[in-house]
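Visitor: I would like to go through this model and ask, for each label, what it rests on.
Guide: Here it is.

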Amino acid sequence: MKIAMIASEVVPFAKTGGLADVAGALPIALEDLGCEVVIIMPGYKCVKDISYSVVGKKIKVYFVENALYFNRDGLYMDKKGDYKDNLERFAFFCRKSLDLLKEINFSADILHLHDWQSSLVSVYLKNLYARQPFYSRMKSILTIHNIGYQGLFPGEDFPKLGLDKNLFNISGLEFYNRINLLKGGIIFSDLINTVSPTYALEIQEAKFGFGLEGLLKQRKKDLTGILNGLDYSIWDPGTDKFIARKFSKRNIEDKAYNKEELQRVCSLPVANEIPVLGIVSRLAEQKGFDILTESLPEICKTGAQLVILGTGNLKYHQILKKAAKKYPKTLSLNLKFDDPLAHKIYAGSDIFLMPSSYEPCGLGQIISLRYGTIPLVFKTGGLADTINEDNGFVFSSYTKDELVKAVKRSLAAFRDKKKWGSLIKNAMQCDFSWEASAKKYIQLYEKAKEK
Ligand code: ADP
């Protein structure tokens, strides 16, 4: 099967979020399963120095060039906010991606699109290209990584897209007088998927759908969820070069050295019997920082230590800074992006807090499992699909009180050595490798081909 992966960011070339991880890892897993894959992405300034353009065994990566649109420091924005010409930039990218397929004579069975940035590929395919024999059999699949980002632009810019003006109405790309690119992708892609089965259901409800729930409900037969995989060559405590002592299921007692180092690096009292709660996260409301900051006084009184690594919303920077001053022996605050420290937190904590109010898939909880660090999560999206009471702690009503209760429950379990041992064993046995996800994507591609 021939797949064209068309994405606005791809690891290792450019990354702002989880979409880049998927667009980088999935092609390699698909190739291993026998698919022929090409990747198409914008030729940003940050990819100019990279001389190679082959990943996996022989997956070619094509960069769509445009000095005016892509030779910039940011992918989508700079310090002043979103680039004003993002509509033109990604419309250009989408059309060029389709043209490129013909130029390189890659007659893809499936065009796999990601989020609003490549949504227009399916719109152009169905409306402008489908009559050309080269494109007429191609099917498109749109993966929604986070429906909170839809690519919204002023309605008066619609002529810039070069599409029939009839498409700017309620059953087309119009969304409350604005252009909504993700909506276009949802309407014109043959199949749609999201990054977890629970999130695929949630976005059909008003609470999670950001206004697109009605449309998604109409297409629910074509909407599924496939969990993202984890790259275990990067996230494995048996080989991790950032941690003090490597460990695995067989020598789990060596995890204690990592806890000791974490406590030392974070200037917290060093003692194995004190439970350590870890957080590695963007500091955003989505990640649960509203109820978490409200819970801090109670959590800090439990006797546990709390290590937080993250950056983001300045409101939370301030609240957390205040709390760190108040609880210096309990709370270690690290307001930065720091990959080595993230590895140390996954390896050295006992419990990983991830109380996201919504979470399309989530990686933090999946990484923690492999490091024998027990996740504590709110029951939503990918968190609900990966964590249960056998490998973690789950609370199901999104309030400060329920969060505190779950933390206390986890601390009681920590003191019960037998129970804790079996939780760690179950956690480390979980397998969320890309191979399993890629097999599900191949089934989805087969389904699209039959449409
Ligand atoms: P999202 O993509 O919504 O931010 P995920 O849980 O899917 O959330 O992925 C977040 C990834 O980014 C994880 O691998 C996490 O370890 C990493 N990460 C988040 N914040 C930081 C930080 N401040 N320093 C290092 N790594 C971070």
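Visitor: Which residues are closest to the ligand, and how many surround it?
Guide: The model is a predicted one. In it, 17 residues surround the ligand, and R282, K287, K336, Y346 and L363 are the closest. A residue is counted here if one of its heavy atoms lies within 4 Å of the ligand.

Visitor: What makes the approach of K336 to the ligand a polar contact?
Guide: A backbone N or O atom of K336 lies 2.8 Å from a nitrogen atom of the ligand. The cut-off for a pair of N or O atoms is 3.5 Å, so the pair qualifies. D338 also offers a polar backbone atom, 3.0 Å from a nitrogen atom of the ligand. For G364, a polar backbone atom is 3.4 Å from an oxygen atom of the ligand. Both of these distances are within 3.5 Å, so they count too.

Visitor: How much of the ligand's accessible area does the protein cover?
Guide: On its own the ligand has 570 Å² of accessible area, and the protein covers 85% of that. Two elements, α13 (339-348) and α14 (364-370), give two or more residues each to the shell around the ligand. Sorted by class, the shell has 8 nonpolar, 5 polar and 4 charged residues.

Visitor: Why is the pair F90 and F93 called edge-to-face?
Guide: The ring centres are 6.5 Å apart and the planes stand at 85 degrees. A pair needs centres within 6.5 Å, and edge-to-face needs planes over 60 degrees apart, so F90 and F93 meet both conditions. F90 and F93 are 3 residues apart in helix α3 (residues 86-103), and are therefore separated by about one helical turn.

Visitor: How do you know whether F90 and F93 are buried or exposed?
Guide: F90 has a relative accessibility of 0%, and F93 has a relative accessible area of 0%. Buried means under 20%, so both residues are buried.

Visitor: What makes F90 and W116 an edge-to-face pair?
Guide: Their ring centres are 5.4 Å apart and their planes are at 75 degrees, so the pair is edge-to-face. F90 is in helix α3 and W116 in helix α4 (residues 115-129), so the pair ties together parts 26 residues apart in sequence. W116 is buried, as is F90. Both belong to one aromatic cluster, whose members include Y44, Y69, F70 and F153.

Visitor: Where does R370 lie relative to Y232?
Guide: R370 lies over the face of Y232, 3.9 Å from the ring centre. Likewise, the charged end of K417 sits over the ring of F414, at 4.9 Å from its centre. The distance limit is 6 Å, so both values are within it.

Visitor: Why is N105 called exposed?
Guide: N105 has 56% relative accessibility, and exposed means over 50%, so N105 counts as exposed. N105 is in the loop between α3 and β7 (110-114), and its phi is near 55 degrees, a positive value in a residue other than glycine.

Visitor: And what makes N177 exposed?
Guide: Its relative accessibility is 58%, over the 50% limit, so N177 counts as exposed. N177 is in the loop between β10 (174-175) and β11 (178-180). Its phi is positive, about 70 degrees, although N177 is not a glycine.

Visitor: Which residues does the cis peptide bond join?
Guide: The cis peptide bond joins V11 and P12, with omega about 10 degrees. P12 lies in the loop between β1 (2-6) and α1 (18-32).

Notes:
Residues are numbered from 1 along each chain as its sequence is written. This is a predicted model: local features need pLDDT of at least 70, side-chain atom pairs count only at pLDDT 80 or more; totals for chains, interfaces and linings use all residues. Side-chain values use heavy atoms; hydrogens and water are left out. A polar contact is a pair of N or O atoms within 3.5 Å; within protein, one must be able to donate a hydrogen and the other to accept it, and residues adjacent in sequence count only if both atoms are side-chain atoms. Accessible areas come from the Shrake-Rupley method with a 1.4 Å probe; for residues, only the protein chains shown count as cover. Helices (H or I, at least four residues) and strands (E, at least two) are DSSP runs, numbered from the N terminus. Ala, Val, Leu, Ile, Met, Phe, Trp, Tyr, Cys and Pro count as nonpolar, Asp, Glu, Lys and Arg as charged, and the others, Gly among them, as polar. Rings of Phe, Tyr and Trp (its six-membered ring) pair if their centres lie within 6.5 Å; planes under 30 degrees apart count as stacked, over 60 as edge-to-face and the rest as tilted. Buried means under 20% relative accessible area, exposed over 50%, partly exposed in between (1.4 Å probe, protein chains only). A charge sits over a ring if NZ of Lys or CZ of Arg is within 6 Å of the ring centre and within 35 degrees of the ring normal.
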